[in-house]
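Subject: Handover of a structure for your study

Dear colleague,

Please find below the structure that I am handing over to you. My findings follow after it, and I would ask you to read them with the model open.

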Amino acid sequence: MIHKPLFALVQEFQLIEAIGTVLFVLVIFLVVMYLAYVVSKLIGKRYNAAGRNLQLIETMAIAPNKQLYIVRAADKTFLLASTKDGITCLGELDGDKLVTVQDTDEPLDFAAALRKAAQERLSKNKKPEIEKGAEDDET
């Protein structure tokens, strides 16, 4: 015969063991995630180190796998095109005429840009009141 208290102790031990296993796996997972974070930061610093003579000024995606880059190399500024097949120099730009974020009066604010884009989109979709009235008279 199995005594009730012994059976309860076995179940309690199994529960504690299961909780311990879950906690152990969670700790191992967190350690691996932390190490991945640290390694990615170290690799990122090594490959994205800013040089004294080379600077990426601006980038713009124009299609999937196709980007435009404005790059300053020493004292010259170039427009580059990048595709999956390679990089092409489209020409040299006048670096003094480039507009930078510091040159603009408006601060770079995502929420404000989103509001402005939404208002422009709504104003394009609205019909003038005169046209609405004319449409109502026709029906």
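Which pattern does the chain follow when it is read along the sequence? The pattern is α-β-β-β-β-α-α. In total, the secondary structure consists of three helices and four strands. Please keep in mind that this is a predicted model.

**Confidence**

The average pLDDT of the chain is 79, and 75% of the residues score at least 70. Among the elements of the chain, strand β3 has the highest mean pLDDT, at 93, while helix α3 (residues 129–138) has the lowest, at 51. Where pLDDT is low, the predicted coordinates should not be read in detail.

**The chain as a whole**

The chain has 139 residues, of which buried residues make up 4%. Its accessible surface comes to about 13100 Å², and 63% of this area belongs to carbon and sulfur atoms. If one takes the contacts between residues at least 6 apart in sequence, 4% of them join residues at least 24 apart.

**The helices**

Helix α1 covers residues 4–47. A nonpolar patch on the surface is formed by Leu 15, Ile 19, Leu 23, Leu 26, Phe 29, Leu 30 and Met 33, which together have about 700 Å² of accessible area. Met 33, a residue of helix α1, has a relative accessible area of 46%. Met 33 is therefore classed as partly exposed, since the class lies between 20% and 50%. A general point about helices is useful when you look at such a patch. An α-helix has 3.6 residues a turn, so residues three or four places apart point the same way.

Helix α2 runs over residues 110–125. How far apart are the end C-alpha atoms of helix α2? They are 23 Å apart, which agrees with the 22 Å that its 16 residues should span at 1.5 Å a residue. The number of buried residues in α2 is zero, so this helix lies largely in the open.

**Strand β3 and its surroundings**

Strand β3 (residues 76–83) contains Thr 77. Is Thr 77 buried or exposed? With a relative accessible area of 2%, Thr 77 is buried, because the cut-off for that class is under 20%. Neighbours within four places in sequence aside, Thr 77 is in contact with nine residues that you may wish to locate: Ile 57, Ile 70, Val 71, Arg 72, Gly 91, Glu 92, Leu 93, Gly 95 and Leu 98.

One of these contacts, Gly 95, lies in the loop between β4 (86–93) and α2. Gly 95 has a relative accessibility of 23% and so counts as partly exposed. Apart from its neighbours within four places in sequence, Gly 95 is in contact with Arg 72 and Thr 77. The C-alpha atoms of Gly 95 and Ile 70 are separated by 9.6 Å, with their positions 25 residues apart along the chain.

Strand β3 also holds Ser 82. At 12% relative accessibility, Ser 82 counts as buried. Its contacts, with neighbours within four places in sequence left aside, are Asn 65, Lys 66, Gln 67, Tyr 69 and Ile 87.

**Two loops and the start of β4**

Most residues other than glycine have a negative phi, and most peptide bonds are trans. Which value does phi take in Asn 65? The angle is near 65°, a positive value in a residue other than glycine. Asn 65 is found in the loop between β1 (54–63) and β2 (66–73).

Ala 74 also has a positive phi, of about 55°, although it is not a glycine. This residue belongs to the loop between β2 and β3. Ala 74 has a relative accessible area of 53% and is therefore exposed, the cut-off being over 50%.

Finally, Gly 86 lies in strand β4. Its relative accessibility is 29%, so Gly 86 counts as partly exposed. Gly 86 and Lys 66 are 20 residues apart in sequence, and their C-alpha atoms are 9.8 Å apart in space.

Yours sincerely,

A colleague

Key. Residues are numbered from 1 along each chain as its sequence is written. This is a predicted model: local features need pLDDT of at least 70, side-chain atom pairs count only at pLDDT 80 or more; totals for chains, interfaces and linings use all residues. Side-chain values use heavy atoms; hydrogens and water are left out. Helices (H or I, at least four residues) and strands (E, at least two) are DSSP runs, numbered from the N terminus. Buried means under 20% relative accessible area, exposed over 50%, partly exposed in between (1.4 Å probe, protein chains only). Contact means heavy atoms within 4.5 Å. The expected span of a helix is 1.5 Å times one less than its number of residues. Patches are made of residues with over 30% relative accessible area and no salt bridge: like charges are joined within 9 Å, nonpolar side chains (Val, Leu, Ile, Met, Phe, Trp, Tyr) within 5 Å. Accessible areas come from the Shrake-Rupley method with a 1.4 Å probe; for residues, only the protein chains shown count as cover. A salt bridge is a side-chain nitrogen of Lys or Arg within 4 Å of a carboxyl oxygen of Asp or Glu. pLDDT is the predictor's confidence in each residue, from 0 to 100.
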